[in-house]
Amino acid sequence: MGWFSLRPRVPAQAQTQAHVLPSKAEVVVNATSKIEAEHVEHVEIVLPTTTKPTEIPPRHVEDDILKHYPFQDPSIPDENLPFIKTEEVLSRKPSPLAKNQSSRCWIVVDDIVHDCTEFLSEHPGGETVIESFNGEDCSWQFWRFHSKAIMEQYGRELRVGGTAGVKNRFKEPPRYVGLSRLGNNDDW
Ligand code: HEM
């Protein structure tokens, strides 16, 4: 008979289970009879044996951060801002291991946390300088380029909280006016 075989009809469900699919050449002699001629092909059906491991959700999604640490009203004095734990600020620092890390950008100036995320694109000094301090203190660098008036006008509305213990990665180089060495910001 070659590729033709005479054999009892297999119920549709059983066919699927046996991975046997009839081709168009199937000849049903009589739908009610037990015997029919059919051209059968064995088709390899590979079922997935493993499932993708569930991805660990990010610790914070972007909206969550804004929900937990919203922008503070400019009328609130610095000392009355909500306190943000050091670790929380440090966790903003981009890490190659934390793939889903939030993209919110927090910088610390004089123990005040500023959320610069939306301000980045408006910053006259460019985005990169601010982004490079995400999750860090950059007090002395900030005061090198800006006056108190700039902080009041543009920085105040970016405040999301106060913090403590967030370190500056760089040591401040001494500043001179003429031949006189200046002290720290606190002194001027
Ligand atoms: C709260 C965050 C910040 C705010 C609100 C802010 C705001 C501003 C504003 C308003 C200007 C224009 C100043 C002017 O035209 O006189 C400016 C310029 C600039 N900013 Fe910032 N800035 C911030 C953070 C930083 C940081 C962290 C750095 C780097 C350390 C930086 C570096 C600069 C530089 C290099 C310029 C250009 C200065 C120039 O052209 O003379 N800024 N920023």
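User: What share of the contacts between residues at least 6 apart in sequence join residues at least 24 apart?

Analyst: In this predicted model, that share is 69%. A contact here needs C-beta atoms within 7 Å.

User: What makes Val108 and Val89 count as a contact?

Analyst: Contact means C-beta atoms within 7 Å, and Val108 has Val89 on its list once neighbours within four places in sequence are left aside. So the C-beta atoms of Val108 and Val89 lie within 7 Å. Val113, Glu136, Asp137, Thr163 and Val166 are on that list too.

User: How do you know that Val108 is buried?

Analyst: Val108 belongs to the largest nonpolar core, which has 17 residues. Such a core takes buried residues, so Val108 must be buried, with 20 or more other C-beta atoms within 10 Å of its own. Val108 is also among the members that touch the most others, along with Val89, Ile107, Val109 and Val113. Strands S4 (106–109) and S5 (112–115) each supply at least two residues of this core, and S4 has the largest share, four residues. Across the protein, 18% of the 188 residues count as buried.

User: Why is Tyr154 said to be near the ligand?

Analyst: Near means a C-beta atom within 6 Å. Tyr154 is one of the 18 residues around the ligand, so its C-beta atom meets that cut-off. Pro124, Gly125, Val129, Gln141 and Tyr154 come nearest. Helices H4 (127–131), H5 (139–145) and H6 (148–155) each give two or more residues to the shell.

User: How many residues of that shell are nonpolar, polar or charged?

Analyst: There are 12 nonpolar, six polar and no charged. Gly counts as polar, so Gly125 goes with the polar ones.

Key: Residues are numbered from 1 along each chain as its sequence is written. This is a predicted model: local features need pLDDT of at least 70, side-chain atom pairs count only at pLDDT 80 or more; totals for chains, interfaces and linings use all residues. A nonpolar core is a set of buried Ala, Val, Leu, Ile, Met, Phe, Trp, Tyr and Cys residues joined through C-beta atoms within 7 Å. A residue is buried if 20 or more other C-beta atoms lie within 10 Å of its own, exposed if 12 or fewer, and partly exposed in between; C-beta atoms are placed from the backbone. Two residues are in contact if their C-beta atoms, placed from the backbone, lie within 7 Å.
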